[in-house]
Amino acid sequence: MTDEECRELGIMTDQELKEMDQRFERMEETGIADTQKYFDRMHDKVFSLNNLLIAAYFALIAFRKDVPSWSLVIPTLNSVLLLFVDYRMLLRARLQANITKIGERDRERYGSIQTGTNLYSLLSIYSTIAVLLFFGYFLLSNR
C-alpha cells in the first residue's frame, strides 16, 4: 500500500509507524531514568529519616531509664542495610555507565544487580518503617 492510500484510509504509513516507535523508545528511556531518579530521592529521604531516628533513640535512652541501651542497635542495623543498598546502586550505576564497553556476562550481572537492588530497596523501606514503629513503642511504653 502506498503512503497516499494509507492516508486516505486513515492508516499510519510505515514512516509514521517508525517515528512513533522511536518516540515510544525515547519515552521508555525517559521513564527508566525517572524511575531511577525517584528511587534515589526516596532513598535519600529514608536515609535522612533513619539518621533522625538514631538521634531520637539516643535522646530516648538518655532521658528514659526504662529504654534499654541495646535498642540503639535497631536503627544502626537499618543504617547498615541502607548503606548496602546505596553500595549496590553505585555498582549498578558503574555498570550502566559502561554498558557498551562490557561483555555479555557483565550485562547479565547488571540485570541481577538491578533486580536485587530493587528488592533490597523495598526491604529498606519496610525496615525503616519497622524502626519507626519500635521507636513509637519505646516512646509510648510505660514500664
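A residue is called buried when its relative accessible area is under 20%, exposed when that area is over 50%, and partly exposed in between. With a value of 34%, Met 42 therefore counts as partly exposed. The structure described here is a predicted model, and the paragraphs below walk through some of its helices, its loop and its surface patches.

Helix 2 is a good place to begin, since Met 42 belongs to helix 2. The C-alpha atom of Met 42 lies 34 Å from that of Asn 142, a residue 100 positions away along the chain. His 43 is likewise a member of helix 2, yet with a relative accessibility of 6% His 43 is buried. What does His 43 touch, once residues up to four places away in sequence are set aside? The list consists of Val 85, Asp 86, Met 89, Ser 121 and Ser 124. Two of these partners can be placed by the residue ranges of the helices: helix 3 covers 73-97 and helix 4 covers 104-140. Val 85 thus falls within the range of helix 3, and Ser 121 within that of helix 4. As for distances along the chain, His 43 and Leu 53 are ten residues apart in sequence, and their C-alpha atoms are 15 Å apart in space.

Ser 79, in helix 3, offers a second view of the interior. Its relative accessibility is 11%, so Ser 79 counts as buried. Leaving out residues up to four places away in sequence, Ser 79 is in contact with Phe 47, Asn 50, Asn 51 and Ile 54. These four partners sit inside the span of helix 2, which runs over residues 14-63.

The loop between helix 2 and helix 3 holds two serines that make a friendly pair for comparison. Ser 71 is found in this loop, and so is Ser 69. Which of the two words, buried or exposed, applies to Ser 71? At 0% relative accessibility, Ser 71 is buried. Ser 69, in contrast, is exposed, because its relative accessibility of 56% is above the 50% limit. Beyond its neighbours within four places in sequence, Ser 71 meets Tyr 57, Ile 61 and Phe 138. Tyr 57 also serves as a reference point for Ser 69: the two residues are twelve apart along the chain, with 8.9 Å between their C-alpha atoms.

Charged residues come next. Side chains of opposite charge can pair when their charged atoms come close. How many salt bridges are counted in this model? The count is one. It joins Arg 64 and Asp 66, whose closest N and O atoms are 2.9 Å apart. The relative accessibility of Asp 66 is 25%, which makes this residue partly exposed.

Negative charge also gathers on the surface, where Asp 3, Asp 14, Glu 16 and Glu 19 form a patch. Helix 2 is the largest contributor to this negative patch, giving three residues. One of the patch members, Asp 14, lies in helix 2. Asp 14 can take part in the patch because its relative accessible area of 59% is over the 30% that membership requires; by the same value Asp 14 is exposed.

A nonpolar patch is also present on the surface, made up of Phe 84, Tyr 87, Leu 90, Tyr 120 and Leu 123, with about 450 Å² of accessible area together. Helix 3 and helix 4 are the elements that supply two or more residues to this nonpolar patch. Which helix gives the most? That is helix 3, with three residues. Leu 123, for its part, is located in helix 4. With a relative accessible area of 44%, Leu 123 is partly exposed, and this value is over the 30% needed for a place in the patch.

Notes:
Residues numbered from 1 in each chain as written. Predicted model: local features only at pLDDT ≥ 70, side-chain atom pairs only at ≥ 80, totals over all residues. Heavy atoms only, no water. Patch = residues over 30% accessible without salt bridge, like charges linked within 9 Å, V, L, I, M, F, W, Y side chains within 5 Å. Areas by Shrake-Rupley, 256 points an atom, 1.4 Å probe, with all protein chains shown as cover. Salt bridge = Lys/Arg side-chain N within 4 Å of Asp/Glu carboxyl O. Lys, Arg positive; Asp, Glu negative; His and termini not counted. Charge placed at Lys NZ, Arg CZ, Asp CG, Glu CD. Buried < 20%, exposed > 50% of the residue type's maximum accessible area, 1.4 Å probe, protein only. Contact = heavy atoms within 4.5 Å.
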